[in-house]
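Me: I'd like to go through this one with you, a few quick questions at a time. Ready when you are.

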Amino acid sequence: MQARGLLMVEHRLIERMIWLIRDALGQIESTHEVDPIFVDTAVDFIRMYADRTHHGKEEDILFRDLSKRPLSAEDQRVMSELIEEHVFGRETTRALVNANTRYRTGDESALAEITSRLHTLVEFYPKHIEKEDKIFFPASRAYFTGEEDQAMLAEFWEFDRKMIHEKYKSVVEDLKKRL
Ligand SMILES: [Fe+2]
Ligand SMILES: [Fe+2]
């Protein structure tokens, strides 16, 4: 497998979560209520998997290595756009968490905010993923030899290996803060 293959496999799981959120949005809009635990679960997936694990490999490994190469102006522009989109995804998720907290504590006006942020995520992720799968990943592959690509894949696996420990360390630390 090429290094980008692993990122593309992850895209497929992110898409499945996005479709679930899209289905849930239909329900939220017809019932005018949301299950805050559904939002928690979607947020955990987006933060831990889509952002930390997946965008983490893109930014900390792929983009890091690409930034040392003589990128064409177009590839440089797309990479900057992708980085900005990751930031936008984080900001949207943060706003969703805040709205979910307000909703949970009885503020029903937060429902509109939750709905709008979920819509944003549902629209944003597929476009971001398509840009990477169809444009940026094929273009960026040309900057690496086969050997360099395989070294990157090995670094991706090592990055993933640490994630489960990071995740559950954070669960313990967050719980400790609340006690
Ligand atoms: Fe990305
Ligand atoms: Fe991606």
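Me: Is E58 buried or exposed?
Reply: This is a predicted model, so the call rests on computed accessibility. The cut-off for buried is under 20% relative accessible area. E58 has a relative accessible area of 0%, so E58 is buried.

Me: Which residue coordinates both iron ions, the one that is ligand 1 and the one that is ligand 2?
Reply: The iron ion (ligand 2) takes H11 (NE2), H54 (NE2), E58 (OE) and E132 (OE) as donors, at 1.9 to 2.2 Å. The iron ion (ligand 1) has E58 (OE), H86 (NE2), H128 (NE2) and E132 (OE), lying 2.0 to 2.1 Å from it. E132 appears among the donors of ligand 2 and also among those of ligand 1. The two ions sit 3.2 Å apart, and the residue stated to coordinate both is E58.

Me: What is the geometry of the site of the iron ion (ligand 2)?
Reply: There are four donor atoms, with angles of 83 to 167° among them. Four donors count as tetrahedral only if all angles lie between 85 and 135 degrees, and that range is not kept here, given the 83 to 167° spread. The site of the iron ion (ligand 2) is classed as irregular.

Me: And what about the site of the iron ion (ligand 1)?
Reply: That one also has four donor atoms, and the angles among them run from 88 to 177°. Tetrahedral would need all of them between 85 and 135 degrees. The verdict for the iron ion (ligand 1) is irregular.

Me: What spacing do the donors of the iron ion (ligand 1) follow along the chain?
Reply: Going along the chain, the donors are E58, H86, H128 and E132. H128 and E132 are four residues apart in helix α4 (residues 110-141), which means about one helical turn separates them. Written out, the spacing is E-x27-H-x41-H-x3-E.

Me: Why are H54 and E58 separated by about one helical turn?
Reply: Both are donors of the iron ion (ligand 2), whose donor spacing along the chain is H-x42-H-x3-E-x73-E. H54 and E58 are about one turn apart because they lie four residues apart in helix α2 (residues 36-66).

Me: Are H54, H128 and E132 buried or exposed?
Reply: H54 comes out at 1% relative accessibility and H128 has a relative accessible area of 2%. E132 is at 0%. With buried set at under 20%, H54 is buried, H128 is buried and E132 is buried.

Me: Is K57 buried or exposed?
Reply: K57 lies in helix α2. Leaving aside neighbours within four places in sequence, K57 is in contact with L6, L7, E10, R52, L62, F156, F159 and D160. Its relative accessible area is 0%, so K57 is buried.

Me: Which residues does R102 contact, leaving aside its neighbours within four places in sequence?
Reply: R102 lies in helix α3 (residues 73-104) and is partly exposed, with a relative accessible area of 35%. E113 is eleven residues away in sequence, and its C-alpha is 10.0 Å from that of R102. The contacts of R102 are D107, S109 and A110.

Me: Which elements give two or more residues to the lining of the largest cavity?
Reply: A search of the whole structure turns up one cavity of 30 Å³ or more. Its lining includes L7, L62, F137 and F156. The elements giving two or more residues to that lining are α1 (3-31), α4 and α5 (146-178).

Me: Which element supplies the largest share of the lining of the largest pocket?
Reply: The largest pocket holds about 740 Å³ of space. Of the 30 residues lining it, the closest to its centre are V43, D44, R47, K167 and D174. By class, the lining has eight nonpolar, eight polar and 14 charged residues. The largest share, 13 residues, comes from α2.

Me: How many nonpolar residues are in the lining of the second largest pocket?
Reply: The second largest pocket has about 160 Å³ of space, and F45, M48 and Y49 are among its lining residues. α2 gives the largest share of that lining, five residues. The lining divides into one polar, two charged and, for the nonpolar class, six.

Methods:
Residues numbered from 1 in each chain as written. Chains lettered and ligands numbered in written order. Predicted model: local features only at pLDDT ≥ 70, side-chain atom pairs only at ≥ 80, totals over all residues. Heavy atoms only, no water. Donors = N, O, S within 2.8 Å, 3.2 Å for Na, K, Ca; no water. Tetrahedral: all angles 85-135°; square planar, octahedral: opposite > 155°, others 65-115°. Buried < 20%, exposed > 50% of the residue type's maximum accessible area, 1.4 Å probe, protein only. Contact = heavy atoms within 4.5 Å. 1 Å grid on protein atoms, 1.4 Å probe; cavity = no way out; pocket = protein on both sides within 12 Å on 5 of 7 lines; lining within 4 Å. Points joined across faces, edges and corners; volume = space filled by probe spheres on them. Nonpolar A, V, L, I, M, F, W, Y, C, P; charged D, E, K, R; others polar.
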